[in-house]
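Me: I would like a close look at one part of this protein, set afterwards against the rest of the chain. Please go through it carefully and in connected prose.

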Amino acid sequence: MALSGIQIYKMLPQTNCKECGFPTCLAFAMKLAAKQVELSLCPTVSEEAKAQLSEAAAPPVRPITLKSNGYEVLSGNEVVMFRHEKKFFSPTGLFLRVYDNQPVEPVRQAVQAVADYTVDYVGIDLSWDGIAVQANGGDFAAAVTAVRDVTHLPLILIAPPGTLKTALPNLDDGKLMLAFADADNWQAMAELAKTHQAALAVQAGTLDEMVALTEKIKAAGVDDIVITPAQRGLHGTLLANSTARRMALKQTFRSLGYPILNVAGDAITPQMETILAAQAIGKYGGFVILDHFAPETAYPLLVLRQNIYTDPQKPIQVQPGLYEINNPGPDDPVLVTTNFSITYFSVANEVESAGLPAWLLVTESEGMSVLTAWAAGKFDAERIAKDVKRFEVGNKVNRKRLVLPGHTAVLSGEVEEELPGWEIKVGPREAVDVPKFMKQVLV
Ligand code: SF4
């Protein structure tokens, strides 16, 4: 049963020492009750209180990490229904599924393609997370070995208990997931999960059946449970995922407080598979299994995931500094922008792909885009001048030309006053127009 803020407060030291980052113990207790902070932030809480509060402090969605030879994919540990309330913590793990009755060579190629795939998105490397191997009348152990020969990404093994037994002894390289425990086989699957310290995916047609199963499996000694709604359509999946997450977070209902696995690969077309995967990424899917991998669908899913799992209160930033594009020399211009990643990469990519040499001064603007930073007083003449001096831009160029973003033309006079000896130009409003501006105006 969840404790109220007042109940938790009574168990805290009540010294208001502020070491947890909150002004009072009561404020901290309220945040703890809302599952927005960890109890470990209070260094002076007693062991007795810790034990009593452990239930209240335990994450409402159990964190589960699949591991394999240095690769990891964490799911669960979420505390909010909507990312704007705080943030989502554990990006959805994307798994490609292969079958044990497929010819070995195409399986190897597909697995290799996933293992090799890394794409740069605003300075962040994005990739898929693992491989699922499903029994389908072939040689399951051989299929698992073939996958392992190619990659050590984390695995989800989908097979009846008897078949899993043939493959598991060959795998000792981390924590994997076994699937699916259901009403008929849960005892044997739970035994296997315990023996091999694996996570166990439980599948049921209704949430009532799911609750009955997770409770029995937990009582049998398996803690790392993953819930898999048997629904495979858009509506059924959305309803099951949302209800399970809501029950876990709002009612602290431990029997559904586990990461969710969705099997988008069971969709009737590859297009629907991608849509289902996108829905799962947006709506509480902790792991998603797909049957197809192609860069044209892999990339948008990864970007969607990145956007949803980015802290909405902390924009993705790049390090402020003076960046070189296409080996600039002392006569090349200095472009100025903010340290919001997307702004930086928009400008840098346009200039770089046009083959034009330039210096790009990225100012400290707390990760805001140009207009937002200007409106918030984080991108003004004083800050620009300060960063010109801090990064010794004047020592890099003979011809002192500084190009401001077009949206901040109003700053040009003030920047001129702050930086005597510099020629201040006002560039275009959009990054896409920067190369044309450089060719026509900066001659
Ligand atoms: S650190 Fe602990 S004792 Fe200090 S204010 Fe926070 S909750 Fe209270």
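How many residues surround the ligand, and which are the closest?

Reply: The model is a predicted one, and in it 13 residues surround the ligand, the closest being Pro13, Cys17, Cys20, Cys25 and Cys42. By character, the shell around the ligand divides into eight nonpolar residues, three polar and two charged.

To place this site in the protein, it helps to know that the chain is divided into domain 1, covering residues 5-57, domain 2, covering 64-308, and domain 3, covering 321-440. Between the C-alpha centres of domain 1 and domain 3 there is a separation of 47 Å, while the C-alpha atoms of the whole protein fill a box of roughly 80 × 65 × 40 Å along the principal axes. The secondary structure comes to 16 helices and 18 strands, and buried residues account for 38% of the 443 residues. Of the contacts between residues at least 6 apart in sequence, 65% join residues at least 24 apart.

Helix α5, residues 140-150, offers an example of how buried residues are arranged elsewhere in the chain: Phe140, Ala141, Ala143, Val144, Val147 and Arg148 are buried there. Seen down the axis of α5, these buried residues fall within an arc of 160°, and they therefore line one face of the helix. In general, an α-helix has 3.6 residues a turn, so residues three or four places apart point the same way. The partners against which the buried residues of α5 pack are the helices α4 (104-116) and α6 (161-167), together with the strands β3 (93-99), β6 (130-134) and β7 (155-158).

Conventions:
Residues are numbered from 1 along each chain as its sequence is written. This is a predicted model: local features need pLDDT of at least 70, side-chain atom pairs count only at pLDDT 80 or more; totals for chains, interfaces and linings use all residues. Domain bounds come from an automatic or database domain assignment. Helices (H or I, at least four residues) and strands (E, at least two) are DSSP runs, numbered from the N terminus. A residue is buried if 20 or more other C-beta atoms lie within 10 Å of its own, exposed if 12 or fewer, and partly exposed in between; C-beta atoms are placed from the backbone. Two residues are in contact if their C-beta atoms, placed from the backbone, lie within 7 Å. A residue is near a molecule or strand if its C-beta atom, placed from the backbone, lies within 6 Å of it. Ala, Val, Leu, Ile, Met, Phe, Trp, Tyr, Cys and Pro count as nonpolar, Asp, Glu, Lys and Arg as charged, and the others, Gly among them, as polar. The arc is that of the directions from the helix axis to the C-beta atoms.
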